[in-house]
Amino acid sequence: LIQLYIPLNFLGVLYREIRQSLVDIERMFGLLRTEREIQDAPDAVALPHGPVHLRFESVGFAYDPRRPVLEDVSLSIAPGQTVAVVGHSGAGKSTLSRLLFRFYDVQQGRITLNGTDLRHYTQASLRQAIGIVPQDTVLFNDSIRYNIQYGRPEASEAEVLAAARAAQLHDFIASLPDGYETRVGERGLKLSGGEKQRVAIARALLKDPAILIFDEATSALDSKTEKAIQSQLEAAAVGRTALIIAHRLSTVMNASEIIVLDGGRVIERGTHKALLEAQGNYARMWALQQQDEHGRDD
Ligand code: ATP
């Protein structure tokens, strides 16, 4: 019986490995399918390297023509600036980043990079220029090194370490018995929400993108983790064109401009200070979140 048990047990492990790999592959193809819907223009050129001034000019968009999702949205982010977009769930915030990645094309207005319509550029060069820290980071069932290096597979060891340091992840990794070889993901070490987000920041930094999108997680973090992420984000945004899609208003206090979206329209815009003084929607959202946070920390 024992002679049978070992190969059967091995087959069980193998089966689980294959099933997991299939799930990973499926996820990858899911992404590829969405990307293929939009084709490059025949005369598309590569976006030149270097700083990018990003503009949304009266952008209108709908996933379904019967239901507009964005209407007449304009914003401008110069290199070194951070613009934050806030608003209720479903207001259209993440749609802005999908349009920037060109998963979809705008139906009215245009998006420009240094004054040129983004449809003029190849999607590959566009995506090369954008680093994203997504709401929910997918970790591959592999080493933590692999998970960071995924941002730029040809990066050197020194560059991976530098990105991990900049994301304030290095000391944590160094404290693990297997260091950078520690396996993470569903079958490895489970990282906390804050740690996962730092892996995503390290990945994005390794790519050294001109444009950085930070799609903040909706889940509540304790105020210490929130402050840590806030400072990493500010460090990561230095010298880049940064767009924050925010759920927690404390993340956006220092933004060059805050845009309040409601039902796909810009209803308010300005700095944190100016918006509080205006005593409108933003000021009300701020007051509510302050109450919430104090409740949570108590
Ligand atoms: P949240 O804060 O919950 O992330 P959001 O402001 O980022 O919300 P979006 O994800 O931009 O909102 O979605 C805006 C609207 O578009 C929502 O009403 C949503 O249901 C709809 N929507 C989003 N993605 C699709 C899609 N692929 N097809 C159809 N409708 C969609």
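Here is a short chat about strand E10 and the ligand shell in this predicted model.

Colleague: Is strand E10 enclosed or open to the outside, and how many of its residues are buried?

Modeller: Take the two faces in turn. Thr241, Leu243 and Ile245 are buried on one side, and Ala242 and Ile244 are buried on the other. So E10 is largely enclosed by the rest of the structure, and the buried count is five of the five residues.

Colleague: Which strands pair with E10, and in what sense?

Modeller: Strand E3 (residues 82–86) pairs with E10 over four bridges, with threonine 82 partnering alanine 242. Strand E9 (residues 211–215) pairs with E10 over five bridges, and there aspartate 215 partners isoleucine 245. The strands are E3 and E9, and the sense is parallel.

Colleague: Which residue of E10 is among those with the most contacts inside the largest nonpolar core?

Modeller: That core has 67 residues, and the ones with the most contacts inside it are Ala84, Ala202, Ile244 and Ile258. Helix H7 (residues 193–207) gives the core its largest share, seven residues. Beyond its close sequence neighbours, isoleucine 244 is in contact with residues including Ala84, Phe214 and Val252. From the list of most-contacted core residues, the one in E10 is Ile244.

Colleague: How many residues of the shell around the ligand are nonpolar, polar and charged?

Modeller: Residues around the ligand include Tyr63, Asp64 and Val69, along with Gly87, Lys93 and Thr95. Glycine counts as polar in this sorting. The shell divides into three nonpolar, six polar and two charged.

Note on methods:
Residues numbered from 1 in each chain as written. Predicted model: local features only at pLDDT ≥ 70, side-chain atom pairs only at ≥ 80, totals over all residues. Buried ≥ 20, exposed ≤ 12 C-beta atoms within 10 Å, placed from the backbone. Helix = DSSP H or I, 4+ residues; strand = E, 2+ residues; numbered from the N terminus. Pairing = 2+ DSSP bridges. Core = buried A, V, L, I, M, F, W, Y, C linked by C-beta atoms within 7 Å. Contact = placed C-beta atoms within 7 Å. Near = placed C-beta within 6 Å. Lists of a residue's contacts leave out its neighbours within four places in sequence.
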